[in-house]
Amino acid sequence: MATILETRGIEYAYADGTRALSNVSLTIEEGRKIALVGPNGAGKSTLMLMFNGILRPDAGEVLFRNERLDYDSRSLRKVRQRVGMVFQNSDDQLFAPTVYQDVAFGPVNLSFPPEKVKRYVGYALQYVGLSGYERRPP
Ligand SMILES: Nc1ncnc2c1ncn2[C@@H]1O[C@H](COP(=O)(O)OP(=O)(O)OP(=O)(O)O)[C@@H](O)[C@H]1O
Ligand SMILES: [Mg+2]
């Protein structure tokens, strides 16, 4: 089976010196559903944030489809079109005043034309059974 995500010997410490990841190597194959389990503070979220370059390891490397992540803006933009992220805290994820604007945030930032944005928002909402909630107030 094809490898979709891989890390090799990742090390990471936050700015305050907290060592969050130490020598983490893993391989995730295409089509698998993986649960990453561990106690609070084990480093699960930190590791996830490596997968599309939100965090950059101090040492080691991250690969998406066997290609090493680069951290220039063009490479990051490319990988982020393929590797999506749902943040642990929903307030970090949902911030627009309407459902439509929230779902449109990604496509708008990819510079899709308005018609395409509309179409993709339509697909996404239909996919999760939320069609009709586009502009409904809270
Ligand atoms: N922004 C930050 N600054 C400093 N230390 C941090 C920061 N975020 C996380 N940490 C620390 O890094 C370590 C790993 O945290 P992380 O959030 O990755 O764990 P987690 O496995 O996702 O935990 P949880 O189950 O609570 O979500 C912990 O010691 C945590 O306190
Ligand atoms: Mg977490």
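In the predicted model, strands β1 and β2 form a hairpin in which five residues lie between the two strands, and within the turn G17 adopts a positive phi of about 100 degrees. The two arms of this hairpin, β1 (residues 3–13) and β2 (residues 19–29), run antiparallel and are joined by seven bridges. Among the paired positions, T3 has E29 in β2 as its bridge partner, while I10 stands opposite V24 of β2.

On the sheet as a whole, β1 is also paired with strand β3 (residues 59–64), again in the antiparallel sense, over five bridges. The register of this pairing can be followed residue by residue: L5 stands opposite F64 in β3, E6 has L63 of β3 as its bridge partner, and T7 stands opposite V62 in β3. Strand β3 in turn pairs with β4 in the antiparallel sense, over two bridges, and L63, the bridge partner of E6, stands opposite R68 in β4. The β3 and β4 strands form a hairpin with two residues between them, where R65 takes a positive phi near 50 degrees. Taken together, the four strands make up an open sheet in the order β2-β1-β3-β4, with antiparallel pairing; its edge strands are β2 and β4 (67–68), each of which pairs on one side only. In general, strands of a sheet pair through backbone hydrogen bonds, in either a parallel or an antiparallel arrangement.

Beyond the sheet, the protein contains five helices alongside its four strands, and the elements follow one another along the sequence in the pattern β-β-α-β-β-α-α-α-α. The protein is divided into domain 1, which spans 3–88, and domain 2, which spans 94–127. The C-alpha centres of domain 1 and domain 2 are separated by 26 Å, and the C-alpha atoms of the protein fill a box of roughly 45 × 30 × 30 Å when taken along the principal axes.

Turning to the helices, α4 (residues 99–109) and α5 (residues 114–127) pack at an angle of about 120 degrees, and their axes lie 9 Å apart. Because of this angle, α4 is oblique to α5, and the crossing of the two helices is right-handed. The contact is formed on the α4 side by V99, Y100, V103, A104, P107 and V108, which meet V117, K118, V121, A124 and L125 of α5. Classified by residue type, the contact of α4 with α5 comprises ten nonpolar residues, no polar residues and one charged residue; K118, one of the α5 residues in the contact, is the charged residue under the classification in which Lys counts as charged.

Definitions and conventions:
Residues are numbered from 1 along each chain as its sequence is written. Chains are lettered from A and ligands numbered from 1 in the order in which they are written. This is a predicted model: local features need pLDDT of at least 70, side-chain atom pairs count only at pLDDT 80 or more; totals for chains, interfaces and linings use all residues. Side-chain values use heavy atoms; hydrogens and water are left out. Domain bounds come from an automatic or database domain assignment. Two strands pair if DSSP finds at least two bridges between them. Axes are lines fitted to C-alpha atoms, for helices over the stretch in contact, and angles run from 0 to 180 degrees between N-to-C directions. Angles under 35 degrees count as roughly parallel, over 145 as roughly antiparallel, 65 to 115 as roughly perpendicular and the rest as oblique. A crossing is left-handed if the near helix is turned anticlockwise from the far one by less than a right angle, and right-handed if clockwise. Contact means heavy atoms within 4.5 Å.
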